[in-house]
Amino acid sequence: MQTNTIQAEILQYIQDYKLTQSEFSTRANINSGSFSRLINHNKPFSMSQLDGITKAMGLEEDYFYSRYVEECITITAPDWRRLRPFLIRCAELGRLDCTELILSNLLDNTNYGSLLFEVAEELFHSQYKEAAKLLYESVSVIEKYQHSERLALCQYRLFSLSLSDNLALNLRAATRFEPYANRLEETDQLEAVKHLAHVYVSLQEWHKVDTLSEEMYRLASIQYELSLRPKRKTAEYKKPVRPFYFYMLYARLLQGAAYEQYEDYEKAIEYAKLYANAEEWIDDSSEEAKVITIQFNDYSTANQLLYQLLAGNISILSDYVEYIASKPDEVFSGLCQIVKVANKFDVNIDDILERFQEHIPYKTYNSAFGEYNKPIKAEEYASFLTELGKYYLHHRRSQGIDTLLEGLEFAENISSDSNTIKCLKVFSQHRDWEDEDKRKRFNRINYS
């Protein structure tokens, strides 16, 4: 039997099971005097009291939540002592509908901005990301005219929570966040700029990548120099996710990648040399520093070979192949570049494709710094399928069209316009295939 208020349903339960209020309060682990006041004076329950009552009645944990929102918000004035634990419990139980109802009633009160932000941060770090997103959005609305660091951090969190394999949605998230990036604390700015650069790498917006990378280097080098000062070393300050010198090296790596795309391989090699041998100037003897410098030395060696290859020095192809073969997590990226080289200079790489066949299916890869950025890897795979299809068709291989169709579908799934266009261009150059089913499949994707 459903009744209007939580108190009324509790009283009905007590009557149905012929209990005294004292007996029920014991079951619910609530002081009998407190329980009597709550029931008889129609006062809202605390979260712990509601949990005890729900358990005592043998109901689902969130059974009363919808009515609890109404009683906490519309019947009585909002009380943060009740709302805070309730927001956390809603996140834990996935009751985002209740979270939204509460937040919609708090948006006109600026006093709740800091309180909601604290809960959002707690939920974010506890991996309740959907609930945290709702709170960050509410704080952004409450503080939209404040121009505060907290507002900027909310926008940064929303940006990071919005990133996915869909490149079009990632661009929208980056465009929304970018105006707030320079309001963040310097150490947060570094990671934020890195993530922005990743979005533009996946979109192949290389001028944007170059600009952001230069800003990353500027910020990181200033903070690195400051961190070396004796007073700064002993002072309390917020540390970045990775050491400052990591961002300096990573910025140069991204700039080298940009010049690769500009086909200025001489400049790309210059940048590749800038992130080599960092152990000679980094003032850090930690194990983390060793891992970072070794990884960037590996990147530098591989990329210097690659840029020479792309510049036309095909004689070092075997050296490049052997080098990437010694780095299993780098094989796929290297293979992508080898197929580009093969198409650019008409090189037969059948033996290399056969050797690395197990690395061709799409999968995630790791470096010394963790898992590679998924949208970047997804875009790379879409590009790889286009280049591989082009290679097969050039060499009159039957799997060429199938590979291109796979690439076109993959590009469509991640909303990669640049790879879709590249794939269509290759199709337009090879219209003489006979398979009617493949032709229909191509047209379906092309016009969807």
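This is a short dialogue on how to read the structure above.

Trainee: What kind of model is this, and how are residues numbered?

Mentor: The model is predicted, so local features need pLDDT of at least 70, side-chain atom pairs count only at pLDDT 80 or more, and totals for chains, interfaces and linings use all residues. Residues are numbered from 1 along each chain as its sequence is written, and side-chain values use heavy atoms, with hydrogens and water left out.

Trainee: How many helices and strands are there in the chain?

Mentor: Start with the terms. Helices (H or I, at least four residues) and strands (E, at least two) are DSSP runs, numbered from the N terminus. Here the chain has 24 helices and two strands.

Trainee: What radius of gyration does the chain have?

Mentor: The radius is taken over C-alpha atoms, and the globule rule is 2.2 Å times the number of residues to the power 0.38. For a compact globule of 448 residues, that gives a value near 22 Å, but this chain has 29 Å. Its C-alpha trace spans about 90 × 70 × 40 Å along the principal axes.

Trainee: How much of the chain counts as buried?

Mentor: Buried means under 20% relative accessible area, exposed means over 50%, and partly exposed lies in between (1.4 Å probe, protein chains only). Of the 448 residues, 51% count as buried.

Trainee: And how much area does the chain expose?

Mentor: Accessible areas come from the Shrake-Rupley method with a 1.4 Å probe; for residues, only the protein chains shown count as cover. The chain exposes about 22,400 Å². Carbon and sulfur atoms supply 47% of that area.

Trainee: What share of the contacts joins residues 24 or more positions apart?

Mentor: Contact means heavy atoms within 4.5 Å. Take the contacts with a separation of 6 or more: residues 24 or more positions apart account for 63% of them.

Trainee: Show me contacts around one residue. What does threonine 54 touch?

Mentor: Threonine 54 sits in helix H4 (residues 47–56). Its relative accessible area is 2%, so threonine 54 is buried. Leaving aside neighbours within four places in sequence, threonine 54 is in contact with Leu59, Glu60, Glu61 and Phe64.

Trainee: Is serine 138 buried or exposed?

Mentor: Serine 138 is buried, because its relative accessibility is 7%. It belongs to helix H9 (residues 129–142). Not counting residues up to four places away in sequence, serine 138 touches Leu103, Leu107 and Leu116.

Trainee: Now charges. How many positive and negative side chains are there?

Mentor: Lys and Arg count as positive and Asp and Glu as negative; His and the chain ends are not counted. The place of a charge is NZ of Lys, CZ of Arg, CG of Asp or CD of Glu. The chain has 51 positive and 68 negative side chains. The centres of the two sets lie 4 Å apart.

Trainee: How many salt bridges does the structure hold?

Mentor: A salt bridge is a side-chain nitrogen of Lys or Arg within 4 Å of a carboxyl oxygen of Asp or Glu. The structure holds 20. In one of them, glutamate 143 meets arginine 150 at 2.7 Å, N to O. Glutamate 143 counts as buried at 4% relative accessibility, whereas arginine 150 is partly exposed at 30%.

Trainee: Which parts does the salt bridge of glutamate 178 and lysine 208 tie together?

Mentor: Their side chains meet at 2.8 Å, N to O. Glutamate 178 lies in the loop between helix H11 (167–177) and helix H12 (186–202), and lysine 208 in helix H13 (residues 206–227), so the pair ties together parts 30 residues apart in sequence. Glutamate 178 is partly exposed at 22% relative accessibility, and lysine 208 is partly exposed at 31%.

Trainee: Where do glutamate 322 and arginine 355 lie?

Mentor: These two side chains form a salt bridge of 2.7 Å, N to O. The pair links distant parts of the chain: glutamate 322 is in helix H18 (residues 317–325) and arginine 355 in helix H20 (residues 350–355), 33 residues apart. Glutamate 322 is partly exposed at 46%, and arginine 355 is partly exposed at 42%.

Trainee: Which residues do shared partners join into one network?

Mentor: Salt bridges that share partners join Asp51, Glu61, Arg89 and Glu92.

Trainee: Last, the backbone. What is phi of asparagine 29?

Mentor: Phi is near 60 degrees, a positive value in a residue other than glycine. Asparagine 29 lies in the loop between helix H2 (21–27) and helix H3 (32–40), and it counts as exposed at 72% relative accessibility. Glutamine 204 also has phi near 60 degrees. Glutamine 204 lies in the loop between H12 and H13 and is partly exposed, with a relative accessible area of 26%.
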